[in-house]
Amino acid sequence: MSDVVSEQVKKFIFHSGASKSEDGEEETLEILIPEQLQASYSFYTWPSAPVLAWFLWERRKQLPGKHIVELGAGTALPGILAAKCGAFVTLTDSACLPKSLQHVHHCCEVNGLLPNQVRVLGLTWGLFVNNIFTLGPIDLILGSDCFYEPSIFEDIIVTVAFLLEKNPDARFLCVYQERSSDWSIEHHLNKWQLRCEQIPIDNLGADSAIMAEASLLQSELAEEFRLAAEHVKSTLVSRLDPSQLLGLYALYKQATQGRCPPEKPRWYQLQEKQKWEAWSSLGDMEQSDAMSGYVRMVSELDPGWTSEQGQDRPSEGWVTVSCLSNTDEFIHDSDKTVFDWVKEGDVQRVRSAVLKEGVDVNAVDAEGMGLIHWAADRDNVDMLKMLVAELKADVNLQDQEGQTALHYAASCGHVSVVKYLVEQGADQTIADVYGMLPAHVASEEEMCHLFNPVKSSCQ
Ligand SMILES: C[S@@+](CC[C@H](N)C(=O)[O-])C[C@H]1O[C@@H](n2cnc3c(N)ncnc32)[C@H](O)[C@@H]1O
C-alpha cells in the first residue's frame, strides 16, 4: 500500500515586504506542508495556523535561540516556521494518535529540519505523564486551533497552567477559530489563575506578506481522484442509486485508508454491514488502483465529466474536502447540515437551526436517520435533552429500518442515553423491520435491567 499518492503538499511562502533584512535584502521563507486526503483533524492545516505562523514571521528576529513548544501541532506550520527562524522547537500532538505524530515527523522531514532544530513528542492535554516532565525550559508555548471543542478546553488550560507554572516567564500564544459565540475559556482561566490578553492582528501584513499555494506537488492521480470525489459530492450524489454509492464508497475508503478493518459491524446494522462488505470485498487492492477505479467509475457514471472541468474552480481554501457523503468524513463548516451539528455535539447550532431556521426537529437525513438517532448514536445526552425536552422531538421516531433512538443507544451500549430515553417514555415495544425490540439489540448485559422485564429478552 502506498500513502504517497493520497498526499498533497501546500506551499506557504513568507515574504519580508517592508521589513527587509539589515542589508536591505528581501527575506523569503518557504515552508512545505504535506496534507493527507484522509479525514482527521491533524492532517490538515487549519486557518488559524497561517495566522499564527505569520504573526511569528513578523517577529522572526526575536526567535533565534528561543525554546518553543507547540501544542496540538497537527501539520505544525507555526512550529516549523519558528524552527526555520532559529528557535529550538518541540512539536507535540496527542500521545494517543501515533499516526498524527508520524505525520508531524514527516512535515519536519519535508522541510529539512534536523533533530537539533526540532523534536516531536506525544503530549496529551490534561495528562501528566512522561513527556510533559521532560520538556525542559520553555520561552513560548504555541497553540493553533486547539480550542475547537469545549469538552477539551479545561484539559488544554490545565496543561498550559502547568507549563507556565514551571516557566513563569513564558507565554502561551494561541490563535483560535470562532465556531460558536457562546464558547468561552474565561471560567477555566479564573479557576487556574491565568490571565489572557487579546492581541489585535489588524496590523498583520503591514510589514510582510504570506502566500499559500494549494495542491502543489500532488501526483496527477491524486489530483484526479480529489476532483472526482468533489464532483460526486457536489453534483453526482443525488443522482446515484444505493448500489452505485456503495461502489464509490468502497473505492473511496480503499483509496484513502487502505484495507478494510476486520471487525464486522453487528448483524442488525444493515447499512454499516453493507458498507463494510463493499469495502472489504476490495481486499488488498492498492490504494492507487482504488483511486484509478474511483475516477473511472465517476467517468462512467457521468460520461460528460472530466477531471479538467474541476481544475479551473477556485481553490476550496485551506482545507481540502474529499468525501463521499456526510456520514463519517471531514466536512467543511459551510457544507454542514443540522445532522452534522448533531454529530459534532454543537447544541447551540442545532437549537438555532430548529428555532430560527425552521428545520423540522423530526426531519430525517439521506440515511433515514433523525436528529435524535444521531444524538443517541453519539452518546450525547445533553443533545438529546435539548431535542426531546426543549424542542419536542418525537422520542419514538423510526429510521428506514424501523429503529428508534432507543434501538441505537441500546445497540451501542450507551447506558445514560438508554436511561434518559426510558425516563422520557420511549416506547420499548417498537420493533424494527426485523422484529427486534431495543432490549433485543442491547449490547451490554448490564443494560438489560433498564428495560421493562416483560420485554427484556436481552441476548
Ligand atoms: C483543529 S486541529 C489543529 C491542528 C493544527 N494546530 C492546525 O492549526 O492546523 C487540533 C489538533 O489538536 C490535536 N489534539 C486533539 N486532542 C488532543 C489532546 N487531547 N491532546 C493533544 N492534542 C490533541 C489534534 O490531533 C489536532 O492536531
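**Notebook: cores, a helix pair and one exposed methionine**

Started with burial: 39% of the 459 residues in the protein chain count as buried. Note to self that this is a predicted model, so I checked confidence before going further.

**Confidence.** The average pLDDT over the protein chain is 82, and 84% of the residues score at least 70. I then looked at both ends. Residues 1-5 have a pLDDT below 50, and this stretch makes 12 contacts in the model beyond near neighbours in sequence. Residues 454-459 are also below 50, with 14 such contacts in the model. Where pLDDT is low, the predicted coordinates should not be read in detail. I am leaving those contacts alone.

**Overall make-up.** I find 17 helices and eight strands in the protein chain. Next I looked up contact range. Of the contacts with a separation of 6 or more, 70% join residues 24 or more positions apart.

**Cores.** Which residues touch the most other members of the largest nonpolar core? They are A53, L77, I80, L81, A82 and I141, in a core of 53 residues. Helix α1 (residues 48-58) gives this core its largest share, seven residues. I also pulled up the neighbours of A82. Leaving out residues up to four places away in sequence, A82 touches L56, L63, I68, A87 and V89. Another core lies apart from this one; it has 42 residues, including W374, L397, Y420 and A426. For context, nonpolar side chains tend to be buried together in soluble globular proteins.

**The α1/α2 pair.** How do α1 and α2 pack, by angle and by distance between axes? The angle between α1 and helix α2 (residues 77-84) is about 20°, and their axes are 8 Å apart. The cut-off for roughly parallel is under 35 degrees, so α1 counts as roughly parallel to α2. The crossing of α1 past α2 is right-handed. On the α1 side of the contact I listed A49, P50, L52, A53, L56 and W57. They meet L77, P78, L81 and A82 in α2. A53, L77, L81 and A82 had already turned up among the core residues above.

**M211.** Last lookup: M211, which sits in strand β8 (residues 209-216). Is M211 buried or exposed? M211 is exposed, because just 12 other C-beta atoms lie within 10 Å and 12 or fewer is the cut-off for exposed. I also checked M211 against P50, a residue of α1 that meets α2. M211 and P50 are 161 residues apart in sequence, yet their C-alpha atoms are 9.5 Å apart in space.

Methods
Residues numbered from 1 in each chain as written. Predicted model: local features only at pLDDT ≥ 70, side-chain atom pairs only at ≥ 80, totals over all residues. Helix = DSSP H or I, 4+ residues; strand = E, 2+ residues; numbered from the N terminus. Buried ≥ 20, exposed ≤ 12 C-beta atoms within 10 Å, placed from the backbone. Contact = placed C-beta atoms within 7 Å. Core = buried A, V, L, I, M, F, W, Y, C linked by C-beta atoms within 7 Å. pLDDT = per-residue confidence, 0-100. Axes fitted to C-alpha atoms, helices over the stretch in contact; angles between N-to-C directions. Parallel < 35°, antiparallel > 145°, perpendicular 65-115°, else oblique. Left-handed = near helix turned anticlockwise from the far one by under 90°.
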